Amino acid sequence: MPFPLTVEQKQTAFWLAVWAAFLFLLVTLGPVLTPFLAAAIFAYALNPGVDRLDRIRLGRRFNLPRPLSVTIVVVLFFAAITALVLIVVPVLQKEIPLLQAQIPAFLAKANDLLAPKLQELGVKVRLDSAGIKQLASEQLAASGDAIWAAVLSSARIGGTAILGWLATLTLIPVVLFYLLLDWHAMLARIANCVPRRYISATMDMANEVDTLLAQYLRGQLLVMVVLAVYYSAALAIAGFDVALPVGIITGLLVFIPYLGFGLGLVLALISAVLQFSDWSGVIAVAIIYGCGQVLEGFFLTPRLVGERIGLNPLAVIFALLAFGQLFGFVGVLLALPASAVLMVAFKHLRRHYLSSSFYNA
């Protein structure tokens, strides 16, 4: 005969079920939550600046109003993003036509290098401009209806995706403003929802996570700036025409492990192949990015970021894939900070488990 549950046990089971349903709802609504998650990340990073402006005194009795502080911080933040775009986009607009003009020469070199080897294997194909055009025209003639159907389908999907991104980009500043305006009251309401028996342990965990993330974000920002300057300067010294945009992209995307470095490396290699007639460009890219990895892995990250998160590479890859699957691209941005939060929670849970009677009995 099963033991009857006490009133407290029934209440505990009920509220656990409610929280489980709430978490399931959040996971289900992952794509919809994208602007709110992005705005929450930005709000966490920008709130210390708002708090500092709040402490500025206007005269003897009045401080700077919080709505004005939030407005100043949000405007400065998006002005910095706009300035970055205005630096990178004109350079890309200037350099992309130059790269496009060198594509025929690149295809001719690829044809001279690969076509003889393919012919030895029985594959007769031309990889130069004329051969690519002929192959494309044959494929279009053979399956025109299917290709047009695929193009129309892609256009519809792409149009929907563009509208979704526009809606997200429009919502983020609005959500960010209201989150910063109500940040401390919102945190107080969340704390009031925690059962009183767990409030002390919860606040200790929250303070530990806040300290860890604050140190991580400050250190990571410095690493991004230093690497952006390094890659831009090194590629410019090596004579690359696209040194500034490629260097900035590589440095600023370094906060996404492996992806930022890999994307910058691919862009630099493409530029090297298109711009230089010999292997000097590829060798320069290998040296620059190899030294960049050494600089980041052995000097910048240990000194500026340190082992504060302490995740091994396999855990980092899993976190990127898992959060990307749940929340899309914003999930990738959220992966490492969320992993840090989960790591702190797991550390406390492990400590509680090792001291429990269940483990020690």
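Trainee: How far apart are the end C-alpha atoms of helix α7 (residues 199-237)?
Mentor: This is a predicted model, where local features need pLDDT of at least 70, side-chain atom pairs count only at pLDDT 80 or more, and totals for chains, interfaces and linings use all residues. Residues are numbered from 1 along each chain as its sequence is written, and side-chain values use heavy atoms, leaving out hydrogens and water. Helices (H or I, at least four residues) and strands (E, at least two) are DSSP runs numbered from the N terminus, and the expected span of a helix is 1.5 Å times one less than its number of residues. The 39 residues of α7 should therefore span 57 Å, which agrees with the distance in the model, 56 Å.

Trainee: Which residue that follows α7 has a positive phi?
Mentor: Helix α7 covers residues 199-237. After α7, a phi near 95 degrees belongs to Gly-239.

Trainee: What percentage of residues 282-301 is helix?
Mentor: UniProt, in an unreviewed entry, lists residues 282-301 under "transmembrane region", along with spans including 221-240; such annotations may be inferred rather than shown by experiment. Residues 221-240 are 85% helix and 0% strand, with end C-alpha atoms 26 Å apart. In residues 282-301 the end C-alpha atoms are also 26 Å apart, strand is 0% and helix is 100%.

Trainee: What is the approximate area of the nonpolar surface patch that includes Phe-14 and Trp-19?
Mentor: Patch residues have over 30% relative accessible area and no salt bridge, and nonpolar side chains are joined within 5 Å. Phe-14, in helix α1 (residues 7-28), is partly exposed (from 20% to 50% relative accessible area, 1.4 Å probe, protein chains only) at 48%. Trp-19 is likewise partly exposed at 48%, and Phe-22 at 39%. Together with Trp-15, Val-18 and Leu-23, these residues make a patch of about 650 Å².

Trainee: What geometry does the aromatic pair of Trp-19 and Phe-22 have?
Mentor: The structure holds ten aromatic pairs. In this one the ring centres are 5.8 Å apart and the planes are at 85 degrees. Being three residues apart in helix α1, Trp-19 and Phe-22 are separated by about one helical turn. Rings pair if their centres lie within 6.5 Å, and planes under 30 degrees apart count as stacked, over 60 as edge-to-face and the rest as tilted, so Trp-19 and Phe-22 are edge-to-face.

Trainee: At what angle are the planes of Phe-77 and Phe-78?
Mentor: Phe-78 is partly exposed, at 24% relative accessible area. The ring centres of Phe-77 and Phe-78 are 5.1 Å apart. The pair is edge-to-face because the angle between the planes is 75 degrees.

Methods
Patch = residues over 30% accessible without salt bridge, like charges linked within 9 Å, V, L, I, M, F, W, Y side chains within 5 Å. Areas by Shrake-Rupley, 256 points an atom, 1.4 Å probe, with all protein chains shown as cover. Salt bridge = Lys/Arg side-chain N within 4 Å of Asp/Glu carboxyl O. Phe/Tyr/Trp six-rings, centres within 6.5 Å; stacked < 30°, edge-to-face > 60°.
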